[in-house]
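Visitor: I would like a guided look at this model. Can we take it as questions and answers?

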There are 2 protein chains.
Amino acid sequence: MAGEFDLIARHFAHPAPDSFLGVGDDCALMPIQAGMQVATSTDLLIEGRHFLPGTDPYALGHKALAVNLSDLAAMGARPLGCLLGLALPSLDDAWLSQFARGFRELAQSAACPLLGGDTTRSLSGITLSVTVFGQVAAQHALRRNAARPDDDIWLTGTLGAPDIALRLLTGALPMQATLLDATRATLERPDPPMAFAPLLAGVAHAALDVSDGLLQDLGHILSASHCGALLWYDALPVHPALSGLPEDLLQEAVLGGGDVYQLCFTAASKDRDTVTELAEGVGIQLSRIGRIIPQETLTVLDGQGRPISPTVRGFDHFRTV
Amino acid sequence: MAGEFDLIARHFAHPAPDSFLGVGDDCALMPIQAGMQVATSTDLLIEGRHFLPGTDPYALGHKALAVNLSDLAAMGARPLGCLLGLALPSLDDAWLSQFARGFRELAQSAACPLLGGDTTRSLSGITLSVTVFGQVAAQHALRRNAARPDDDIWLTGTLGAPDIALRLLTGALPMQATLLDATRATLERPDPPMAFAPLLAGVAHAALDVSDGLLQDLGHILSASHCGALLWYDALPVHPALSGLPEDLLQEAVLGGGDVYQLCFTAASKDRDTVTELAEGVGIQLSRIGRIIPQETLTVLDGQGRPISPTVRGFDHFRTV
């Protein structure tokens, strides 16, 4: 960091935790517990592509970190810290203050302190790069390829609301102010299950965050694990604000809607009580939504056990793999 | 990664080392030796700001990683791996192939494998984000604030050549083809001392990479360590191609020229032989260029022991701190 862009850093300045080395040296340093591995993920977020010009800066700061934290959760990793690269076309103090507050508040609540970064002036719009680090016991990382036949399939949180909010905001659905009010926070301030995910290391088999839609993301687990699944449509945790929607739209939003940033994972059925107790212990919503099968097919069953063939993109994607 | 930009990933695909988890899951995983800390650094590189449009893609791939590896070297850390974020306005297979080759060849020679990343389409120019990880014994990281009075000051490699090459390429100096030929590689393909730096952990006190110019960067060590330095101008390792330059220009390039990505470090004078032997063991050029003093001043002495007062920016910067 150099020159006027040093000013940016002040919006983010906070002391690094004991035994960490934060902003100001060549590298950030993080202590790792013996036997743990480092899990890391990075995202580039570009204005006009990943977020709209004029996006509320508080929400943007929150979401930029949340989508990366979600990747840590999907490995069963406990957050250690993060780095932020920030390219801005100009210095807007009010914008920066709100962005930094959104980022920092989530960093604090998720115990994922900002340890360093890079700031520069961009020649066009805003570009963000966020890198997160976590630790997970070497043998217990939740990989995509570890689902086994007869595993239960579990999902945290609810489905559908971010997709409906996005449709309302982009005009793909006619505006309904009450529905937007009830769903918008799920799109703009996703809340990945950071306290719950590390508890699954050593219990769950495979895991993924639902960023591209339940069927598509579950499809990634099934492809990597060389197995298939039955999903029970009536067991899916639909967001309560969506109860009045037409069935076709609801099904698309629930099975295919992205931006959920909740955890889909599989675990042995013998561990069903353990999984339930872990979720109750941290107070998160958890639903058992299906079962892994050896045949490499993904079938969604209705309440009468009849297959549904939804036409959402994620499902097509899986079927053509 | 999604859609056509999956193609990009193929240019970078290579198997991750044993016990690492690379591209394709939610996170990359890295094993850490017991007692080691993770050192990490990130950079955003923007076309038109950090590199010129039309920059040779092989050189860009090399340099994007080299400047980050240099930050690991400056902590005394041994590389573990890296992540790459790549935003491109269009898919240019020839460009990508060369960029990936420059990045990959340095990643291999520095034992810093690419473990994952993010690719997307940009709306304007090329944006790169590179994050590197290394490990260093918890008590032996080379911090900026650890220089002590009577320490020797050491420098790897040579000074001045990248600055002269940049002046020739930007027209700040009239073109001299022979001089450009002899200096260009130092600017475009910096070669941080990756094998040497980890050997200094536990031996050296403070360290920094010379990215902004020797006086400015040494100034950072002195400010953080609350001490000063004597530098011996005649002991500075001037790049041999610069021998015919006018003295004023030479002094500016050597004392103030950036983009060097060599290591400036301090160590106790009792360890002088150890330091020399470590450098000889890995075959790198090393020069003893000065001494740390308790007074918080930075003085450059000529061959007769008289103070030089160069007018380069870095020196001014330090004096006004």
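What follows is a short exchange about a predicted model, from the chain contact to single residues.

Visitor: How many residues of chain A are in contact with chain B?
Guide: Contact here means C-beta atoms within 7 Å. On the chain B side, 47 residues take part. The number for chain A is 47.

Visitor: Which element gives the largest share of the side of chain A that touches chain B?
Guide: Several elements each supply at least two residues, among them β1 (28-31), α2 (57-73) and β7 (204-209) of chain A. By class, this side has 22 nonpolar, 15 polar and 10 charged residues. The largest share is 9 residues, and it comes from β2(A).

Visitor: In what order do the strands run in the open sheet of 5 strands?
Guide: Its pairing is mixed. The edge strands, each pairing on one side only, are β4 of chain A and β1 (28-31) of chain B. Neighbouring strands are turned by 20 degrees against each other on average, direction ignored. The order is β4(A)-β3(A)-β5(A)-β2(A)-β1(B).

Visitor: Which residue of β1(B) stands opposite T40(A)?
Guide: β2(A) and β1(B) pair in the antiparallel sense over 4 bridges. The partner of T40(A) in β1(B) is A28(B).

Visitor: And which residue of β2(B) stands opposite A28(A)?
Guide: β1(A) pairs with β2 (residues 36-46) of chain B, antiparallel, over 4 bridges. Along this pairing, M30(A) faces V38(B). Opposite A28(A) stands T40(B).

Visitor: How many residues of β2(B) are buried?
Guide: Both faces of β2(B) are covered. One side includes M36(B), V38(B) and T40(B), and the other includes Q37(B), A39(B) and D43(B). The strand has 11 residues, and the buried number is 11.

Visitor: How many bridges join β2(B) to β5 of chain B?
Guide: The two strands run antiparallel. Within the pairing, S41(B) stands opposite V132(B) in β5(B). The bridges joining β2(B) to β5 (residues 127-137) number 11.

Visitor: At what angle does α2(A) run to β5(A)?
Guide: α2(A) lies across β2, β3 and β5 of chain A. Its angle to β5(A) is about 30 degrees.

Visitor: Is A141(A) buried or exposed?
Guide: A141(A) lies in the loop between β5 and β6 (152-156) of chain A. Beyond four places in sequence, its contacts include Q37(A), M75(A), V136(A) and, from chain B, L29(B). The cut-off for burial is 20 or more other C-beta atoms within 10 Å. A141(A) has 25 within 10 Å, so it is buried.

Visitor: How far apart in space are A141(A) and K270(A)?
Guide: In sequence, A141(A) and K270(A) are 129 residues apart. In space, C-alpha to C-alpha, they are 20 Å apart.

Visitor: At what angle do α4 and α5 of chain A pack?
Guide: α4 (residues 161-170) passes α5 (residues 177-188) in a left-handed crossing, with the axes 7 Å apart. Contact residues include I164(A) and L168(A) of α4(A), and L180(A) and R184(A) of α5(A). They divide into 9 nonpolar, 2 polar and 1 charged. The packing angle is about 115 degrees.

Visitor: Which are the edge strands of the 7-strand sheet in chain B?
Guide: That open sheet has the order β7-β9-β6-β10-β8-β11-β12, with mixed pairing. Inside it, β8 (residues 228-232) and β11 (residues 298-301) pair in the parallel sense over 4 bridges, and A229(B) stands opposite L298(B). Pairing on one side only, the edge strands are β7 (207-209) and β12 (307-308).

Visitor: What angle does the direction of α6(B) make with that of β11(B)?
Guide: α6(B) packs on the sheet and touches β7, β8, β9 (263-267) and β11 of chain B. The helix is mostly covered, with 10 of its 12 residues buried. Its direction makes an angle with that of β11(B) of about 140 degrees.

Visitor: What span should α6(B) have at 1.5 Å a residue?
Guide: The expected span is 1.5 Å times one less than the number of residues. Helix α6 (residues 214-225) has 12 residues, and its end C-alpha atoms are 16 Å apart, which agrees with the expected span of 16 Å.

Visitor: Which residue takes a positive phi just after α6(B)?
Guide: The phi is about 55 degrees. The residue is H226(B).

Key
Residues are numbered from 1 along each chain as its sequence is written. Chains are lettered from A and ligands numbered from 1 in the order in which they are written. This is a predicted model: local features need pLDDT of at least 70, side-chain atom pairs count only at pLDDT 80 or more; totals for chains, interfaces and linings use all residues. Two residues are in contact if their C-beta atoms, placed from the backbone, lie within 7 Å. Ala, Val, Leu, Ile, Met, Phe, Trp, Tyr, Cys and Pro count as nonpolar, Asp, Glu, Lys and Arg as charged, and the others, Gly among them, as polar. Two strands pair if DSSP finds at least two bridges between them. Axes are lines fitted to C-alpha atoms, for helices over the stretch in contact, and angles run from 0 to 180 degrees between N-to-C directions. A crossing is left-handed if the near helix is turned anticlockwise from the far one by less than a right angle, and right-handed if clockwise.
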